[in-house]
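Hi there,

Here is the structure I promised to pass on. Please open it alongside this email, and I will walk you through what turned up.

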Amino acid sequence: DVRPGDFMITGQNSAPNKILVYLGQILMRDHFRMGRFAAGHVGMVVPGNRVVEAMPSGARVRDLRSSDWSPTTMFFRLPEDYPGQALDASTIALAMVDTPYSFWSYVYLAVFLAGFKPKWLARLINRRKPAIGITCPNGWRVVELPVETICSVLGEQAWTLVGKQVIRGTHPQVVTPGMLTQHLIRR
């Protein structure tokens, strides 16, 4: 019962580069666990029972697998602010395919989350590509996609760029898997 725009959140075992993700989450002090579920990796469901997920070499699209349906994976559906917003968000996620990230993405987030929040660091985290036009199901959108995007940022930005405020009280692109999961559970 998943549809485009749904978040898929799963443990680090499903992360594309377990060592990089594990070290990054240690740096960010990001940990959320509930029973057998531990938030370590985020994907965005897109049409065709596929998911977009961040990879160091660039975000990719893959088919949902039988292993994605387990007690260690949760799916979340946000309420739409307008009909078709979830499908628009999944279109933006698809536009982020090939967007990479590096270990530095985790370092920047860790430093920021530790309380060192100068404006230059906030700008560094929120770097954007030049504006492009994307044809979404609900019309044409001009967006500035992130330069780098870890998994949780990819999902959050896909929704943010179609007008949904996913997480309140944080700077743009300062989103971790644990932070996103806690916010979605509270919703």
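Which residues line the largest cavity? Before the answer, please keep in mind that this is a predicted model.

**The cavity**

The lining of the largest cavity is made up of S105, Y108, L109, L124, I125, R127, E148, T149, I150, V153 and Q173. Searching the whole structure turns up one cavity of 30 Å³ or more, and the space inside the largest cavity is about 100 Å³. If you sort the lining residues by character, six are nonpolar, three are polar and two are charged.

Two helices, α3 (103-113) and α4 (119-125), each contribute at least two residues to that lining. The most comes from α3, which provides three residues.

**The sheet**

Next, have a look at the strands. Five of them make an open sheet, and reading across it gives the order β6-β5-β4-β1-β7, with antiparallel pairing. At the edges sit β6 (60-63) and β7 (73-76), each of which pairs on one side only. From one strand to the next, the twist averages 30°.

To see one pairing in detail, try β1 (residues 7-10) and β7: these strands run antiparallel and are joined by four bridges. Within that pair, M8 is found opposite F75 of β7.

**Helices across the sheet**

Which strands does helix α2 lie across? Helix α2 (residues 85-95) crosses β4 (41-46), β5 (50-53) and β6, and its direction is at about 115° to β4. Helix α5 (residues 151-160) lies across β1, β4 and β5, and runs at about 40° to β4.

**Salt bridges**

Side chains of opposite charge can pair when their charged atoms come close. How many salt bridges does the count come to? The total is six salt bridges. One to pick out on screen is between the side chains of D6 and R77, with 2.9 Å from N to O. D6 is in the segment before β1, while R77 is in the loop between β7 and α2, so this pair ties together parts that lie 71 residues apart in sequence.

If you want a short route through the model, begin at the D6 and R77 salt bridge, follow β1 and β7 along their four bridges, and finish at the cavity lining, where Y108 and E148 are among the residues.

Happy viewing, and do write back with any questions!

Best wishes

Conventions
Residues are numbered from 1 along each chain as its sequence is written. This is a predicted model: local features need pLDDT of at least 70, side-chain atom pairs count only at pLDDT 80 or more; totals for chains, interfaces and linings use all residues. Side-chain values use heavy atoms; hydrogens and water are left out. On a 1 Å grid over the protein atoms alone, a cavity is a set of points where a 1.4 Å probe fits but cannot get out, and a pocket is an open set with protein on both sides within 12 Å along at least five of seven lines; lining residues have an atom within 4 Å of a point. Grid points are joined across faces, edges and corners, and a volume is the space filled by probe spheres set on the points. Ala, Val, Leu, Ile, Met, Phe, Trp, Tyr, Cys and Pro count as nonpolar, Asp, Glu, Lys and Arg as charged, and the others, Gly among them, as polar. Two strands pair if DSSP finds at least two bridges between them. Axes are lines fitted to C-alpha atoms, for helices over the stretch in contact, and angles run from 0 to 180 degrees between N-to-C directions. Contact means heavy atoms within 4.5 Å. A salt bridge is a side-chain nitrogen of Lys or Arg within 4 Å of a carboxyl oxygen of Asp or Glu.
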